[in-house]
Amino acid sequence: MRKFGLLSKALPKLQTKNVPVEHTSFMNELALERKPSILRELMKNHATASKNVVFIGEGLPHPETIPFSEVSFTLKDGTKKVFTGSELVTAINYLPTQGNPKFVQKLRELMDRFHAPLRWEDRDVIATAGSQDGLSKVIEMSLQKGDAIVVADPVYSGLVSNVRPYKAQLISAQYRKNGLDTVEMKDKLTAIWSSRSKDVKIPKILYINPVANNPSGHVISDEQKREIYEIACEFNLLVLEDDPYYFLGFQDELPKSFLSMDTENRVVRFDSFSKIFGGGLRAGWMTGPKEIVRIVEMHMQVSVLHASSLTQAIVLQILEGQGWEGFLDYTKSVKEFYRKRRDQMVALADKYLTGLAEWDVPEGGMFLWVKVKGVSDVLAMVMERGLKKDVMLIPGHAFMSDPTKPCPYIRLSYSLVPMEDVEKAMQRLAELIKEEQAIESQK
């Protein structure tokens, strides 16, 4: 039995360690009212039914009426794939909501290969239109107006925008030099549980972007992940592990995921091919407790129906062609590409911004998180004066748990812009900061 100390009286339920949680406690009334679509359920059954079954009820467009005779793509290594016949029909017609069965199976294999989650019989996978599609649906499954969420600060702007309509309160722990401040996280949660204040609801969710945090580039160590997971268990939090940059951490070895250490089936993991195969494919997937994946599936049954059939077919072909060792080699090449660009941008920052700003060298991803010295709030500098100097930046406000407060941070990206243009931008940014510091000194 866990030792909750002073919290034991405040906690409604004490669980024996490693016993799976009750997932309905993380669902709101809307989610609990969802029911499966009869048509979508039949489509799922038909996908795995005997070939002798004649389904005369489904409304799939006939291939004769579709204008494509084939769909093809060619990879940079010269590999070419052409979809014709039955493959073409599968690639451009309706699918079961969970996804193309072959693609879903490939995703399960991928999760086994890189994360080895415990007890697959209690978990499931669903294909989504990018990782944020799954994330937004789990948020909608769980949140009610005024709920609290535990986050790391700075936090992904998509999460902040997602929860804004719920007027959610973000309980934040800061990134420090040695990683995420887990002591701060636990202290804040303890204070909330102990006071039972009417001003802050007991949080149900912990949102974390563990590898190459967007925007800071931090990577949470495996040791800290274990600490955070224990906190989630102690305070009965559903962990939303949003990890689209998993393969872009600049460490030599791939890190452990929260999913890989999840003994209580309280982790919902969101993955994406966007950063390695192309963002416009909108190819992502979600892995988590079966009950939660089922709620998301029923939501998709009445919204997008399923993630893009063509995208699933393309990604499946790439994965099958590469094999897992080939896929890993490919992701390493992508990681090395961004590592070199990171080094180039940091060198330019050293050259032009030394003394004007400070930053940590990103441990992964695509972004440099910069704190401007001598400027308490960068909003006007970025949104007004920066444009006049022909340099566009992202103000840090977009990534803060409280975006209304003054913020001295800006986010720069080294992913796409040619380095000669990055150098021009750094020169302009240095001039902009000097001018802003002069304005600040006169206040």
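## Nonpolar cores

In this predicted model, the largest nonpolar core comprises 94 residues, and those with the most contacts inside it are Phe273, Phe327, Ile410 and Met426. Helix α11, which spans residues 309–353, provides the largest share of this core, with 17 residues. A second, separate core holds 33 residues, among them Met27, Tyr166, Ile205 and Ile292. In soluble globular proteins, nonpolar side chains tend to be buried together.

The surroundings of Phe273 illustrate the packing in the largest core. Leaving aside residues up to four places away in sequence, Phe273 touches Phe103, Leu107, Leu110, Gly278, Ala283, Trp285, Val315, Leu319 and Phe327. Phe327, one of these partners, is itself listed with Phe273 among the residues that have the most contacts inside the core.

## Confidence of the model

The average pLDDT of the protein is 92, and 95% of the residues score at least 70. Over residues 1–16, however, the pLDDT is below 50. This stretch has 29 contacts in the model beyond near neighbours in sequence. Where pLDDT is low, the predicted coordinates should not be read in detail.

## The largest pocket

The volume of the largest pocket is about 890 Å³. Its lining consists of 26 residues, and Ala47, Ser86, Thr90, Leu95 and Asn100 are those that lie nearest the centre of the pocket. By class, the lining divides into 14 nonpolar, seven polar and five charged residues.

Four helices each supply at least two residues of this lining: α2 (38–47), α3 (85–92), α4 (101–114) and α11. The largest share, five residues, comes from α3. Helix α11 thus appears both in the lining of the largest pocket and in the largest nonpolar core.

## The second largest pocket

The second largest pocket has a volume of about 640 Å³. A set of 22 residues lines it, of which Leu75, Lys76, Phe277, Gln322 and Tyr330 lie nearest the centre. The class composition of this lining is ten nonpolar, seven polar and five charged residues.

Strands β1 (71–74) and β2 (80–83), together with helices α9 (274–277) and α11, each contribute at least two residues to the lining of the second largest pocket. Helix α11 gives the most, with eight residues.

## Enclosed cavities

A search of the whole structure identifies two cavities of 30 Å³ or more. Rolling a probe the size of a water molecule over the atoms shows where empty space is left. The largest cavity has a volume of about 50 Å³, and its lining is formed by Asp243, Pro244, Tyr246, Phe247, Asp271, Ser272, Lys275, Ile276 and Trp285. Strand β9 (267–272) and helix α9 each supply at least two of these residues. The lining comprises five nonpolar, one polar and three charged residues. Trp285, which lines the largest cavity, is also a contact of Phe273.

The second largest cavity encloses about 50 Å³ of space. It is lined by Leu30, Ala31, Arg34, Lys137, Glu140, Met141, Ile295, Val296 and His299. At least two lining residues come from each of the helices α1 (29–32), α5 (131–142) and α10 (290–301). By class, the residues of this lining are five nonpolar, one polar and three charged.

## Backbone geometry

Most residues other than glycine have a negative phi, and most peptide bonds are trans. The peptide bond from Asp153 to Pro154 is cis, with omega near 10°. Pro154 belongs to the loop that connects β4 (148–153) and α6 (157–163).

Positive phi values occur at Lys167 and at Asp390. Phi of Lys167 is near 50°, and this residue is found in the loop between α6 and β5 (169–176). Phi of Asp390 is near 60°, and Asp390 lies in the loop between α12 (379–388) and β13 (394–395). Lys167 is exposed, because its relative accessible area of 59% is over the 50% cut-off. Asp390 likewise counts as exposed, at 59% relative accessibility.

Key
Residues numbered from 1 in each chain as written. Predicted model: local features only at pLDDT ≥ 70, side-chain atom pairs only at ≥ 80, totals over all residues. Heavy atoms only, no water. Core = buried A, V, L, I, M, F, W, Y, C linked by side-chain atoms within 4.5 Å. Buried < 20%, exposed > 50% of the residue type's maximum accessible area, 1.4 Å probe, protein only. Contact = heavy atoms within 4.5 Å. 1 Å grid on protein atoms, 1.4 Å probe; cavity = no way out; pocket = protein on both sides within 12 Å on 5 of 7 lines; lining within 4 Å. Points joined across faces, edges and corners; volume = space filled by probe spheres on them. Nonpolar A, V, L, I, M, F, W, Y, C, P; charged D, E, K, R; others polar. pLDDT = per-residue confidence, 0-100.
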